[in-house]
Amino acid sequence: MASGADTEYVIGIDLGTTNTCAAVVVDGEVHVIPDEAGETLQASLVAFLEDGTVVVGNGAKKEAVTDPVHTIASAKRLIGQAWGGAEIKAAREHLPYKLVKGPNQAPLIDIRGRKFAVPEISGMVLRRMKDIASRYLGQPVTKAVITVPANFNDTQRQMTRLAGELAGLEVLRIINEPTAAALAYGYGRDVRARLAIYDFGGGTFDITLLDVRHNVFEVLSTSGDSYLGGDDFDNRLAQYMLRGFEKQYGFQIDHDPVVRGRLKQVGEKIKRQLSKKERAIVNVRDLAVAPDGRHCDLRFQVDRAGVHRRFQDIVQRTFLVCDDALTHGHMRADEVQGVVLVGGSTRMPLVREMVQGYFGQPPLTDINPDEVVAVGAAIQGAALVTDPFSPAGAHQPLLLDVTPRSLGVQVVSGYYDVLIGRNAAIPCEQTRVFATSQDNQQVVRLQIFQGESRIASENVKLGEIELFNLRPMPRGMVEIEVTFAIDADGIVDVTAKDRETGVAQQTRVRVTAGFSDEAVQVMRRRSQ
Ligand code: AMP
């Protein structure tokens, strides 16, 4: 594509678990960017071949099947996660590649004898998008807006930002996926409506309610379930096939992880086929060997109605999350004026029907659910570099987002004291005073969490802040004013000052699952 060499382009990137998509605004029009083969979606895959070559994107799809041990998939599930957390535990059980514990609770991916931090892998996917965009625009692209799930915590956001930097991108803004989807739908169309963004992906479900007034996008509330997604349908179908097999052959095979993995893959394929047609054929060759040595295949026909009946309760679970978001947004389902669909699972007719039933109106399907987030990110990107005094700039979108989780500190006996509540509008800040509890105490440590549990340790630990070099005084006499701020990217920043002297208090922040400055330097050098 030809373009003006002096134009400054900002690409919008939807960095997904399964696929990544980029878009850009050129002369006021959004283009979803195709690669050399004309594909607008790139698989979020990085394959490390035996000869040292690294293949990123759709080119790595073959390796993902033939050599999953050396092909990194689903890095987004791992980004910003701490070693001891549930996500990493699940990943170690399910993902075929090897994870090892790195410094500061950060997981590392051990591949062909080299260890990579997760942001490095995501950085490779982002670099691929940067290259595709540069080729498309005929000039190097250096600026980007990257989207993240609304419920990403501070560490996940910081690590996504780092991934962008490692890809050689200046990340102008991190925005939430649902907000981007709303922008794609509502920007420049003089929409005045309350929208629900129903985002049903592979592993997660998110619902966000927004109030759109001209170009002001105000998030009213957001809620999600990070263990509810397309995978649940696949597992349900795998179970169904297992039972079918056992009925037919009279012996059990559900203890075999290879069988389970294969059936899940078949389940995913069948599920997709049933989004398009009424019937599909399950055909698995050589699924297991019977005790008498016979090789057993599995073959039968399924129909959409029968399978979808088995899926209803899974879709129903999304509405519990919607109920929660509506409660927090002080709204009823029938007050929603448009439902925007995002994510691969919303292609299922069952999902569309049930969404229509819940909200009492057909969902909006005119924007491709795989591209809608990237489109919104591109719109935001263009707005960030438009001169606010130009006529175009006068219509800049204003994003009023909220923080999806409460932010707080641990207090005595392990309780959790909330400083900034869930669904508070961002950017925002909150100040608290902490006093020394011992004479001549030189250091105060604060443990920071995000989450809703009253017990601090049941929330996600973001890190520790150390206030050090305190004035030597009797206990309680040194009072430190600590300000916790959440910026427009949803990233937490902490500053502190001595209340009496007004002098800025030195702080040291150790981010859980984060990296030291030195480690980041090493990653920067390696990414060149
Ligand atoms: P996403 O995370 O948005 O890329 O969504 C990925 C999920 O969407 C996976 O669980 C896919 O199996 C599912 N998916 C993609 N296309 C379809 C389809 N046509 N019908 C049903 N599910 C689909």
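## Exercises: a ligand shell and a small sheet

**Exercise 1.** Find which backbone atom of serine 345 meets an oxygen atom of the ligand, polar or not, and then explore the contacts around it.

*Solution.* Start at serine 345: a polar backbone atom there is 3.3 Å from an oxygen atom of the ligand. Such a polar contact is a pair of N or O atoms within 3.5 Å. Next, go to glycine 344, where a backbone N or O atom lies 3.0 Å from an oxygen atom of the ligand. Then try arginine 272, whose side chain has an N or O atom 3.4 Å from a nitrogen atom of the ligand. Finally, consider cover: alone, the ligand exposes 500 Å², and the protein buries 84% of this (Shrake-Rupley method, 1.4 Å probe).

A word on the model: it is predicted, with local features needing pLDDT of at least 70 and side-chain atom pairs pLDDT 80 or more, while totals for chains, interfaces and linings use all residues. Numbering runs from 1 along each chain as its sequence is written, and side-chain values use heavy atoms, without hydrogens and water.

**Exercise 2.** Which helix gives the largest share of the shell around the ligand?

*Solution.* Look at helix H8 (residues 257–276): it supplies four residues, the largest share (helices are DSSP runs, H or I, of at least four residues; strands, E, at least two).

**Exercise 3.** In what order do the three strands of the open sheet lie?

*Solution.* Read across: S23-S26-S27, with antiparallel pairing (strands pair if DSSP finds at least two bridges between them). The edges are S23 (428–435) and S27 (492–498). Seven bridges join S26 (residues 479–486) to S27.

Key: Polar contact = N/O pair within 3.5 Å; in protein donor to acceptor, adjacent residues only side chain to side chain.
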